[in-house]
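Visitor: I would like a close look at how the inside of this model is packed. Please explain each term when it first comes up.

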Amino acid sequence: MLDQAALASAAREAERVVPLFVLDEALLRGPCGAPNRLSFLLDSLRDLEGSLRQRGGRLVLRRGDPVEEALRAAAEAGAEAIHLGEDVSGYAARRLRRLRSGCERARIELRTLPGVTVVPPGAIVPQGGDHFRVFTPYWRQWREFPRGAPLKAPRRVRVPGGVRGERIPDLRELTTAPPSPDLLEGGETAARRRLERWLRGGLTGYEEGHDVLAAAATSRLSADLHFGCLSPAAVLARSEGRPGGEPFARQLCWRDFHHQVLAARPDLPHRDYRPRGDRWRRDRNLAEAWREGLTGYPIVDAGMRQLARKGFMHNRARLIVASFLSKTLYLDWRLGAEHFARLLVDADLANNCGNWQWVAGTGNDTRPNRVLNPLRQAHRFDPAGEYVRRYLPELSGVKGGAVHEPWRLEPAERRRLDYPEPVVDHESAAAEFRRFREGRSG
């Protein structure tokens with residue numbers, strides 16, 4: 001409840017407040033209804049309910065169309081205003097237009113408040129443009145943007161009578177699919193514990209260690225930011241001025257950068273930001289090998305197995321597996337973004353699709369034809385092979401960095417491994433990709 005602009009605004013201006021959350025039926029039918037994200041969301045709602053109870057209030061939960069339910073709850077409460085946190089997707093924009101129209105008919109004031117990002121999309125723009133297309137100039141202006149202190153949680157929340165709500169459902173009531181076995185606990189309470197641990201022990205070494213795959217050297221706050229358990233502005237305020245704060249702030253800025261791109265280009269999840277004339281290969285077997293972590297490239301497969309087990313993947317691994325899908329296998333980046341959206345707890349639409357397009361070379365990367373070599377990446381960021389052995393038990397007996405190239409082992413040792421041969425030759429595939437891209441651009 002810390003630094004939640006909509007709640008703080010409503011509690012400041014009204015004696016009674018209806019803290020409303022609507023389980024959107026339309027979103028439940030898509031990736032937002034995937035079990036990993038639902039599990040984290042339900043944890044978060046239960047934690048929010050507890051925090052509101054401590055302040056004398058309660059969470060009003062409903063299921064259905066969010067516009068209809070918000071207007072219905074406002075009518076039941078005799079509300080004069082609806083306070084709403086902003087979002088930037090095309091769906092959110094359409095939803096907001098419908099809500100604004102309904103509020104006008106009902107003569108209810110609608111107030112939209114920032115909070116999804118540190119700097120609201122559109123608050124800084126380049127000269128002569130509607131959004132920044134390159135990160136570095138955005139970063140320069142972003143870091144100078146004035147920011148106020150994080151908002152405090154209201155001490156008391158009084159909910160009017162007569163407003164109906166439902167109990168928070170169990171996960172099995174929303175989906176029959178099981179979640180990944182090793183998910184983080186959702187909710188502000190758990191998120192604040194993670195933040196405190198990160199500030200005490202992780203932030204200082206962030207710049208040196210954040211790409212080391214086997215290390216616990218990243219914040220693991222991405223899902224907390226995505227679900228609003230922590231506000232990005234509050235996280236930035238806590239980390240500023242500390243050792244490691246500057247490179248960590250840069251990552252928060254990347255998050256804002258993709259949000260301002262999506263706000264300007266709502267078709268980002270479906271259409272190439274910068275079309276390259278790609279004729280993506282269509283090969284179900286290659287796509288399935290990538291999804292299952294059976295490509296024969298251990299560093300790629302370890303990343304995909306981590307995703308399946310934890311609903312999370314190390315950022316460096318995300319870059320490696322995304323480059324492998326889009327540039328080595330030459331499969332459409334949308335296949336990857338869709339798979340991530342189904343399994344990642346932190347699958348924020350702006351960042352998921354923005355990062356996939358960046359890696360595929362159809363987005364905001366200033367070097368769109370770069371290809372990450374999975375072997376070089378493996379030896380650089382997992383030199384002893386700890387990350388690979390953690391997620392590929394069939395290779396646990398292969399010592400040291402040799403685990404990254406099992407095809408080079410002695411024939412007798414290779415036969416003992418229950419592990420596939422590489423599905424493609426990376427060097428040949430990467431060369432073919434570059435020839436195509438350079439030919440198209442020439």
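Guide: What follows starts with the main core, moves to the helices around it, and ends with a few single residues.

The model is predicted, so local features need pLDDT of at least 70 and side-chain atom pairs count only at pLDDT 80 or more, while totals for chains, interfaces and linings use all residues. Residues are numbered from 1 along each chain as its sequence is written, and side-chain values use heavy atoms, with hydrogens and water left out.

The largest nonpolar core has 49 residues, and Trp290 and Tyr387 touch the most other members. A nonpolar core is a set of buried Ala, Val, Leu, Ile, Met, Phe, Trp, Tyr and Cys residues joined through side-chain atoms within 4.5 Å. Buried means under 20% relative accessible area, exposed means over 50%, and partly exposed lies in between (1.4 Å probe, protein chains only). At least two residues of this core come from each of helix 12 (284-292), helix 13 (298-310), helix 14 (315-328), helix 15 (333-343), helix 16 (349-360), helix 17 (374-381), helix 18 (386-391) and helix 20 (426-441). Helices here are DSSP runs (H or I, at least four residues; strands are E, at least two), numbered from the N terminus. Helix 14 gives the most to this core, 7 residues. In general, nonpolar side chains of soluble globular proteins tend to be buried together.

What does Tyr387 contact, leaving aside its neighbours within four places in sequence? Its partners are Leu213, Ala214, Ile299, Ala302, Gly303, Gln306, Met313, Ala317 and Asp382, where contact means heavy atoms within 4.5 Å. There is also a second, separate core of 34 residues, with Ala223, Val235, Phe257 and Ala350 among its members.

Helix 15 is a useful place to look more closely. Its buried residues are Trp333, Gly336, Ala337, His339, Phe340 and Ala341, and they pack against helix 3 (35-54), helix 12, helix 13, helix 14 and helix 16. An α-helix has 3.6 residues a turn, so residues three or four places apart point the same way.

Take helix 16 from that set of partners. The angle between helix 15 and helix 16 is about 145°, and their axes are 10 Å apart. Axes are lines fitted to C-alpha atoms, for helices over the stretch in contact, and angles run from 0 to 180 degrees between N-to-C directions. The two helices make a right-handed crossing. A crossing is right-handed if the near helix is turned clockwise from the far one by less than a right angle, and left-handed if anticlockwise. Helix 15 brings Trp333, Gly336, Ala337, Phe340 and Ala341 to the contact, and helix 16 brings Asn352, Trp356, Gln357 and Ala360. By class, that is 6 nonpolar residues, 3 polar and no charged ones. In this count, Ala, Val, Leu, Ile, Met, Phe, Trp, Tyr, Cys and Pro are nonpolar, Asp, Glu, Lys and Arg are charged, and the others, Gly among them, are polar.

Just before helix 15 there is a residue to note. Tyr330 sits in the loop between helix 14 and helix 15 and has a positive phi of about 55° although it is not a glycine. Because its relative accessibility is 13%, Tyr330 counts as buried.

Another helix pair is helix 6 (residues 135-144) with helix 11 (residues 245-264), packed at an angle of about 110° with axes 10 Å apart. That angle makes the two roughly perpendicular, a label for 65 to 115 degrees; under 35 is roughly parallel, over 145 roughly antiparallel, and the rest oblique. Helix 6 passes helix 11 in a right-handed crossing. On the helix 6 side the contact includes Tyr138, Trp139 and Trp142, and on the helix 11 side it includes Trp254 and Phe257. The class count for this contact is 9 nonpolar, 2 polar and 4 charged residues.

Ala264 also belongs to helix 11. It is partly exposed, at 26% relative accessibility, and leaving aside its neighbours within four places in sequence, it contacts Asp130 and His131.

Finally, Asp211 lies in the loop between helix 8 (206-209) and helix 9 (222-226). Is Asp211 buried or exposed? It counts as buried, because its relative accessibility is 17%. Beyond its neighbours within four places in sequence, Asp211 contacts His314, Arg316 and Phe381. Arg220 lies in the loop between helix 8 and helix 9, and it is partly exposed at 25%.
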